[in-house]
Amino acid sequence: MKYIYMDHAATTPTNPDVLKAMLPFFSEKYGNPSSLYSIGQESRTVIEEARGKVAKFIGAKHDEIVFTSGGTESNNFALMGVAWANQKKGNHIVTSSIEHHAIINPCKFLEKRGFKVTYLPVDKYGIVDPDDVKKAITDKTILISIMHANNEIGTIEPIAEIGKVAREKEIIFHTDAVQTVGHIPVNVDELNVDLLSLSAHKFYGPKGAGALYIRKGTKIVPYLYGGDQEKRRRASTENVPGIVGLGKAIELAMQDMEEECKRLASLRNMLIEKILSEVDEVILNGHPTQRLPNNANFSFKYIEGESLILSLDMEGIACSTGSACTSSSLEPSHVLRAIGLPHEIAHGSLRFTLGRSNNEEQIDYVVEKLKKIVNKFRSMSPLYEKK
Amino acid sequence: MSVYSEKVMDHFRNPRNVGEIENPDGVGKAGNPVCGDIMELYIKVEDEKIVDAKFKTFGCGAAIATSSMVTEMVKGKTIEEALKITNKAVAEALDGLPPIKMHCSVLAEEALKSAIEDYYKKKEEVK
């Protein structure tokens, strides 16, 4: 059976060229970058090359990039690092109600340690209003953290405008750009950000490799303590193969980003148009235009999302849901709740995130199968009957 | 690989006894849309014996499989026997459920109890 992968926001397959670039750094060129002999220095050289590629992609300076283990660590580093470094100045953090758990949960931890956090609401499309950010700022605010694009509904936030607010008020501004780096243009100066998180496995790089951009002069302390790696900003022997993979992946992303972006957006539009016109009682979640080129998120009324996922899987189709039934909390996605969806509609959500392996033929196949599956579950649903 | 047993997947793929019964002797409801699970169970009773059972369910894979299984289990049983069916028995008949899905089997037990209650109520009304 063919396998159609439409969950690229969860992770992407490592590009074979990326893997090829990484392989020598496991068993052949295994030197520790901190060692002075030649194989150590060889590892040092490739790390710095990768750093240059990451810096170039986001328009940063070479030494403003700190390698981490991925998006979660970068986000924790940004939040904890700024919180602990600026405690004397204040204890207030502004974020949104639709952030990834790698932002929300560190915020909750900080709340237990005496920090105050404002979780800004979003509109029905999932957009944070820069005016709300401005109003939330107090003389105790030390950090604003708003994601560049939402991982579930794909909405792209007005980061440059929010950054302007942060600049005016001289408050450190972080953005979680895990869903955008490698996919759409990201420039730290245009976005007015001081800190930015990115993760390699979201753009055909390896899992376990990421980076935090730290603008020169930003007051932050390390998250990991130990050796002097990463100019004492992040201890731990560098993940050389992972960093090489990250560098290669970002280099490849840059090569055809514009075309791939266009191709994915047109595939996504095709998927959205087909589903909205061929299936009844479907809602498109997220912003109609201000969204990631590869993201389509729907709610199919009267059906629960996990049933859809399991049935699509049987047809060889992989995608994801914000239904509670896939989490241990029994609560549906906080993002879908924040955009105002009632529980039963949030439970029926389905997210398709497209990538390099997808094509038009697959879109046709997916819509075809989905229609049958939706009909089957609606005919079984006591909610549908009541219509 | 699946998070569910073969048996759960079998009942999910080919749920038994889907639908409604015309002029049922008892209708049971359980769950609510907030949790993402709603089950409706219909029973037909003759001489204190459940001769037919059907269901409609809004819910996840486990909710659909437990609904299907409980309808299979009650058919042919007397009301008294049916009342002894526990959520654990339904889960066991499906070769187990993941721990976070055990509440789905509670849904099946509740819907069954509610259908039998409705049956008793209807019987009272006839008298």
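# A tour from helix 11 of chain A

Begin by selecting helix 11 of chain A, residues 305-314, which is mostly covered, with eight of its 10 residues buried. Keep in mind throughout that this is a predicted model. The buried residues of this helix are Gly305(A), Glu306(A), Ser307(A), Leu308(A), Ile309(A), Leu310(A), Ser311(A) and Leu312(A). If you display what surrounds them, you will find that they pack against strand 10 (295-300), strand 11 (317-318), strand 12 (349-353) and helix 14 (360-380) of chain A, together with helix 1 and helix 2 of chain B.

Next, look at the ends of helix 11 of chain A. At the N-terminal end the cap is Glu304(A), a side-chain oxygen of which lies 3.0 Å from the backbone nitrogen of Glu306(A). Just after the helix, select Gly316(A), where phi is positive at about 80°.

**Across to chain B**

Return to Glu306(A) and add Lys101(B): these two residues form a salt bridge, with 2.7 Å between the closest N and O atoms. One salt bridge is counted between chain B and chain A, alongside eight residue pairs in polar contact, both residues of each pair being at pLDDT 80 or more. On the side of chain B that touches chain A, the elements giving two or more residues are helix 1 (6-13), strand 2 (37-46), strand 3 (49-58) and helix 2 (61-74) of chain B, and strand 3 of chain B gives the most, with four residues. That side of chain B divides into 15 nonpolar, five polar and six charged residues.

Now show the whole contact, which takes 26 residues from chain B and 24 residues from chain A. The area buried between chain B and chain A is about 2,100 Å², and carbon and sulfur atoms give 66% of it. Within chain B, select Phe12(B), Lys56(B) and Phe58(B), which lose the most area to chain A and together account for 28% of what that side buries.

**The nonpolar cores**

Which residues touch the most other members of the largest nonpolar core? Select Ile275(A), Phe298(A), Phe300(A), Leu350(A) and Phe352(A), which do so in a core of 68 residues; helix 14 of chain A gives the most to this core, with nine residues. Centre the view on Ile275(A) and, setting aside residues up to four places away in sequence, you will see that Ile275(A) touches Val282(A), Phe298(A), Phe300(A), Phe352(A), Val367(A) and Leu370(A). A second, separate core holds 58 residues, among them Phe57(A), Ala136(A), Ala166(A) and Ile243(A).

**Between helix 10 and helix 14 of chain A**

Select Lys274(A), in helix 10 (residues 257-278) of chain A, which is partly exposed, with a relative accessible area of 21%. Its side chain makes a polar contact with the side chain of Asp364(A) at 3.2 Å. Apart from neighbours within four places in sequence, Lys274(A) is in contact with Val279(A), Ile363(A), Asp364(A) and Val367(A).

Then select Lys371(A) and Glu278(A), whose side chains meet in a salt bridge of 2.8 Å, N to O. Because Lys371(A) lies in helix 14 and Glu278(A) in helix 10 of chain A, the pair ties together parts that are 93 residues apart in sequence. Lys371(A) is partly exposed at a relative accessible area of 29%, and Glu278(A) is likewise partly exposed, at 34%.

**Around Glu238(A)**

Move to Glu238(A), in the loop between helix 8 (229-232) and helix 9 (240-255) of chain A. Is Glu238(A) buried or exposed? Glu238(A) counts as buried because its relative accessible area is 6%, under the 20% cut-off. Its side chain makes a polar contact with the side chain of Arg44(A) at 3.3 Å, and if you widen the selection you will find Arg44(A), Glu48(A), Arg51(A), Glu230(A) and Glu238(A) linked in a network of salt bridges. Beyond neighbours within four places in sequence, Glu238(A) is in contact with residues including Asn32(A), Pro33(A), Ser34(A) and Ile243(A).

**Last stop: Thr95(A)**

Finish at Thr95(A), in strand 3 (residues 92-96) of chain A, which counts as buried at 0% relative accessibility. The side chain of Thr95(A) reaches the backbone oxygen of Ser145(A) at 2.8 Å. Leaving out residues up to four places away in sequence, the residues that Thr95(A) touches include Ile103(A), Cys107(A), Val117(A), Tyr119(A), Leu120(A) and Ile146(A).

Notes:
Residues are numbered from 1 along each chain as its sequence is written. Chains are lettered from A and ligands numbered from 1 in the order in which they are written. This is a predicted model: local features need pLDDT of at least 70, side-chain atom pairs count only at pLDDT 80 or more; totals for chains, interfaces and linings use all residues. Side-chain values use heavy atoms; hydrogens and water are left out. Contact means heavy atoms within 4.5 Å. Buried area is the accessible area (1.4 Å probe) that two parts lose on being put together, summed over both. A salt bridge is a side-chain nitrogen of Lys or Arg within 4 Å of a carboxyl oxygen of Asp or Glu. A polar contact is a pair of N or O atoms within 3.5 Å; within protein, one must be able to donate a hydrogen and the other to accept it, and residues adjacent in sequence count only if both atoms are side-chain atoms. Ala, Val, Leu, Ile, Met, Phe, Trp, Tyr, Cys and Pro count as nonpolar, Asp, Glu, Lys and Arg as charged, and the others, Gly among them, as polar. Buried means under 20% relative accessible area, exposed over 50%, partly exposed in between (1.4 Å probe, protein chains only). A nonpolar core is a set of buried Ala, Val, Leu, Ile, Met, Phe, Trp, Tyr and Cys residues joined through side-chain atoms within 4.5 Å.
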